[in-house]
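Colleague: Could you take me slowly through one part of this model, explaining each term as you go?

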Amino acid sequence: MDALDLARWQFGITTVYHFLLVPITIGLSGLVALMQTRWYRTGDERYLRMTRFWGTLLLINFALGVATGIVQEFQFGMAWSEYSRFVGDVFGAPLAIEGLAAFFLESTFLGLWIFGWDRLPARIHLGTIWAVFLGTNLSAYFILAANAWMQRPVGSAVNPVSGRAELTSIVDVLTNRTALFAYGHTLTASLATAGAILLGISAWHRARRPDHDAAFFRTSLTWGLRTTLVAALATMVVGHFFGQWMTRVQPMKMAAAEALYESSDRAGLSLLAIGGFEKSPEELAFNIEVPRLLSFMATNSFSGRVQGIDELQAQYEQRYGPGDYVPVLAATYWSFRIMIGTGVLLAALAAAGLWLGRRGREPGRWFARAAIAAIFAPLIANTAGWMFTEMGRQPWIVQGLLRTQDAVSPLPATTLLASLVTFTLLYAALAVIELRLFTRVARRGPDPAPQPVGATADGEALLPALVY
């Protein structure tokens with residue numbers, strides 16, 4: 001492999017691992033805030049214990065997420081110096097806001113939440129976890145806005161003298177419609193991820209010891225089922241409109257997702273295809289297709305025209321010059337289907353669980369096994385979605401402005417190989433730490449009900465500090 005391949009593998013490995021943790025943090029912070037709100041309003045001890053148990057898993061995940069996120073910004077300067085030089089003026093603005101405002105808000109109030117259990121009034125303490133949720137979402141939005149600019153560069157212009165992209169409107173960058181769709185899609189997928197974690201861990205405890213802490217895990221299971229179903233369906237709805245938008249601004253990405261070579265006025269949706277994606281659709285050995293459905297999904301009309309790869313390749317050659325502007329079709333095609341298929345299965349499982357568990361009934365053991373496996377389903381879907389987003393844009397690193405091959409640092413392959421091995425080993429060690437801590441706390445279950453240890457001046461109960 002040359003330096004470009006090594007840099008791409010390094011970016012892929014570190015980014016995919018980091019993106020396993022981010023949706024968990026976003027989703028769990030929202031659910032923990034809702035649990036604590038429920039406890040504050042009802043005084044029900046069950047919700048206090050839920051807040052502390054699921055909050056402990058949130059803290060573990062947050063700590064590992066911060067550690068892996070730092071490397072992301074570091075590698076931009078090391079492996080992608082030409083990219084950093086080109087986009088620094090634009091890309092730096094949302095990242096700076098994210099670091100100075102959103103991450104500061106998120107980290108500060110998370111600290112107050114951890115150490116404020118026995119020091120802050122309950123109402124103020126409740127506000128800290130909502131501030132964490134707000135900061136987490138702002139952080140995600142600013143990062144997605146930076147990425148959205150790479151998908152659809154707006155609010156900037158390339159200086160012909162310096163050869164760099166320069167910011168002309170931060171408002172346009174932050175209100176980029178691609179960023180708005182991506183944020184909605186990420187937020188709902190994150191809630192589905194957190195819901196699946198509640199679902200799987202609760203089902204495991206219910207199957208292992210049905211009489212142990214039954215009320216706690218029954219309530220957590222219900223929260224997990226409802227959150228997973230609603231969030232997964234919302235992810236599909238947002239994803240549908242996001243797909244229509246991408247068909248307008250990144251038509252090659254969507255054509256590649258369908259391996260659609262020829263433009264069509266009544267394009268069918270490929271459900272499952274096997275064959276030589278890189279050659280032509282006629283050489284596919286097997287293809288299940290729903291007639292006209294792709295046209296409807298892309299244009300809201302069963303006779304709507306969808307551009308194919310061949311026509312788009314010709315247009316791009318005319319606009320940008322000779323070259324291959326087609327992404328790796330097999331990776332784009334399959335990542336798109338894995339993302340959608342896994343999400344549909346997750347929603348179906350949550351709906352089945354709610355139906356089987358109606359009126360206090362107990363779902364069978366098969367459901368418990370499926371629910372435990374479902375913990376990994378949104379992680380797979382999130383990873384596939386991220387791969388589709390990034391690989392579907394190739395060969396561009398900034399759509400229409402900078403090719404990936406022109407963005408890599410002028411470093412010898414041996415240097416990039418050394419950093420790739422170092423990061424891979426480091427991330428493998430962090431993965432072991434994450435899994436061991438997360439699994440240990442999940443298996444142990446919630447602590448016994450905490451006892452008040454004092455009272456504030458206005459009589460509100462004080463609780464022991466959170467320990468994890």
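Modeller: A nonpolar core is a set of buried Ala, Val, Leu, Ile, Met, Phe, Trp, Tyr and Cys residues joined through side-chain atoms within 4.5 Å, where buried means under 20% relative accessible area, exposed over 50% and partly exposed in between, with a 1.4 Å probe and protein chains only. This is a predicted model, in which local features need pLDDT of at least 70 and side-chain atom pairs count only at pLDDT 80 or more, while totals for chains, interfaces and linings use all residues. Residues are numbered from 1 along each chain as its sequence is written, and side-chain values use heavy atoms, with hydrogens and water left out.

The largest nonpolar core has 36 residues, and those with the most contacts inside it are W54, L57, W113, I129 and I201. Among the elements that give two or more residues to this core are α1 (3-42), α2 and α3 (81-115), helices being DSSP runs of H or I with at least four residues, numbered from the N terminus. The element that gives the most to this core is α2, with ten residues.

Helix α2 therefore deserves the close look: 25 of its 35 residues are buried, so the rest of the structure largely encloses it. Because the expected span is 1.5 Å times one less than the number of residues, helix α2 (residues 45-79) should span 51 Å, and its end C-alpha atoms are indeed 51 Å apart. At E73, α2 bends by about 25 degrees, the bend being the angle between axes fitted to the seven residues ending there and the seven starting there.
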